[in-house]
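Welcome, and please bring the model up in your viewer with side chains ready to show. We will go from one selection to the next, with a short stop at each.

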Amino acid sequence: MLVTCRASAPTGEALPLVLRVSIDGPIHPVTAEIVGDAIKQAQEHRARLILIRLNTPGGLVDAMRETVAKIVASPIPIAVYVAPSGARAASAGFFLLEAADVAAMAPGTNTGASSPVLMGQTMDPVLRAKEENDLAALLRSLTVRRSRNSELAEEAVRKAKAFSDIEAMNDRLIDLEADNDSQLIDKLNGREITGFSGVKQTLQLTGARFRDVRLSWREEIFKLIADPNIGFILLVLGVFGIYVEFSSPGWVFPGVAGSIALVLGLSSLAVLPINWAGATLLVVAIAFFVLEVKFSSHGVLGVGGAIAMTLGAVILVNAPPAMRIHWTTAISVALPVLVIVVFLTTMALKARRSKVLNGASALLDEVGTARTSLMPVGQVFIHGEYWQAVGSVPIDMGSKVRVRRVEGLKLYVDPLPGIGEASPETRP
């Protein structure tokens, strides 16, 4: 998509290009891949600037470091712009903002609060000190090179301090405030910036036009399913689809759809740090649900499976809160699965208690027609089949008979009362 930013471009010269990419959501390995592709496309199209629109609650430290490394190594200047109003560059997003050649924010945005967390629990003091010192050193190396307030930036890690757009501007944590992309480009036009390597250059952006980064199909898919909540839902749907296919072979669709959903779910969760206790609980939950259907426990196994699935989902991902599966998602998935299991169990119990509808025993008390005279042995026609039959009394051909007993492939029959021969008062 091309959008003209200003109309006053020099005659006969190509309009300068600004390549634009949006990071909207948690920072994960796909984020680094998207930024890397944006840099390659900027080089191919000879863009003057890469504009990263950022709105993130944070994310994974390793993914953040990889993305920061790509930003500082970019030969094309990069501006990170926290937008639109109401957006944030929290936690890991603060590092991306400070790594950029130009750090900008829209009115009503915020940043900071970059203290490391682990599974929402209190970290070991030594481990926490190591993580804080490591991240604080990274921030110092970024902000000093960018001539920003390194001491205040460090408080975002050590004291979890957060900053509004106004505070960040006044305290030299960012370079610019702008209402929108076009205004930001206007303010950057003619501005001299210093790259991470120390090389200075002046941004010539008169009449700049925007081009949005083209994501690969792989990036589009992973961006869509990057949310661990979506990954968990796909994982459960995949397992359920495959179970249905194995339970009722020949349907095909549940197996195909389930396999695709299972692969996508595993791919979504594979890029995240997994807590194996949570994964084990999910396996136990699936086992409980299957056993409940096969061997009714009057709901004990089903309820246990729902509890195990909920707890397993919540602790499945070793990551900051923004990257974990929410309680609401875990419960919203576990309860419908429990309802389905209870329904299947009820149907199974009804089937067990109902009369057998196949095999020889299904012929008991069924009515047929004598195809030959039974004196006492002959043939009867019942359920579309010919059977050898023994009559309790002589029975004429064409008379209706009722099956009294089944022994192997031989039926023992009585004449149907009121039709054909009268029912005998005594039987041998």
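Start by selecting Arg 405 and Tyr 412: the charged end of Arg 405 sits over the ring of Tyr 412, 4.0 Å from the ring centre. Keep in mind throughout that this is a predicted model.

Now add Arg 371 and Phe 381. Here Arg 371 lies over the face of Phe 381, at 4.8 Å from the ring centre. If you care for ring-to-ring arrangements as well, the structure holds two aromatic pairs.

**Zoom out**

Switch to a cartoon view of the whole protein, where there are 13 helices and 17 strands. Of its 428 residues, 44% are buried. Among contacts with a separation of 6 or more, 63% join residues 24 or more positions apart. Turn on the surface, too: the accessible area comes to about 21,300 Å², and 60% of that belongs to carbon and sulfur atoms.

**Into the core**

In soluble globular proteins, nonpolar side chains tend to be buried together. In this model, the largest nonpolar core has 76 residues. Which of its members touch the most others? Select Ile 52, Met 64, Phe 95, Leu 96, Phe 232, Phe 289 and Met 309 to see them.

Centre on Met 64 next. Leaving aside residues up to four places away in sequence, Met 64 touches Ile 27, Ala 92, Phe 95, Leu 96, Leu 135 and Leu 138. A second core, separate from this one, has 19 residues, including Ala 104, Leu 188, Ile 193 and Leu 205.

**Salt bridges**

Side chains of opposite charge can pair when their charged atoms come close. The count of salt bridges in this model is twelve.

Select Arg 65 and Asp 134, which form a salt bridge with their closest N and O atoms 2.5 Å apart. This pair links distant parts of the chain: Arg 65 is in helix 2 (residues 61-73) and Asp 134 in helix 4 (residues 125-145), 69 residues apart. Are these two buried or exposed? Neither word fits, because Arg 65 has 29% relative accessibility and counts as partly exposed, and Asp 134, at 38%, is also partly exposed.

Move on to Glu 98 and Arg 148, whose side chains meet in a salt bridge at 3.7 Å, N to O. Glu 98 belongs to helix 3 (residues 92-99), while Arg 148 is in the loop between helix 4 and helix 5 (150-158), 50 residues apart. Both Glu 98 and Arg 148 are buried.

For a pairing between strands, pick Arg 404 and Asp 414, with their closest N and O atoms 3.0 Å apart in a salt bridge. Arg 404 lies in strand 16 (residues 400-407) and Asp 414 in strand 17 (residues 410-415), so the salt bridge ties together parts that are ten residues apart in sequence. Colour by accessibility here: Arg 404 is partly exposed, at 35%, whereas Asp 414 is buried, at 9%.

**Last stop: a network**

Finish by selecting Arg 20, Arg 53, Asp 181 and Asp 212, which are linked in a network of salt bridges. Focus on Arg 20, in strand 2 (residues 17-24). With 12% relative accessibility, Arg 20 counts as buried. To close, draw a distance from the C-alpha of Arg 20 to that of Ile 78: the two residues are 58 apart in sequence and 9.9 Å apart in space.

Terms used: Residues numbered from 1 in each chain as written. Predicted model: local features only at pLDDT ≥ 70, side-chain atom pairs only at ≥ 80, totals over all residues. Heavy atoms only, no water. Core = buried A, V, L, I, M, F, W, Y, C linked by side-chain atoms within 4.5 Å. Buried < 20%, exposed > 50% of the residue type's maximum accessible area, 1.4 Å probe, protein only. Contact = heavy atoms within 4.5 Å. Phe/Tyr/Trp six-rings, centres within 6.5 Å; stacked < 30°, edge-to-face > 60°. Lys NZ or Arg CZ within 6 Å of the ring centre and 35° of its normal. Salt bridge = Lys/Arg side-chain N within 4 Å of Asp/Glu carboxyl O. Helix = DSSP H or I, 4+ residues; strand = E, 2+ residues; numbered from the N terminus. Areas by Shrake-Rupley, 256 points an atom, 1.4 Å probe, with all protein chains shown as cover.
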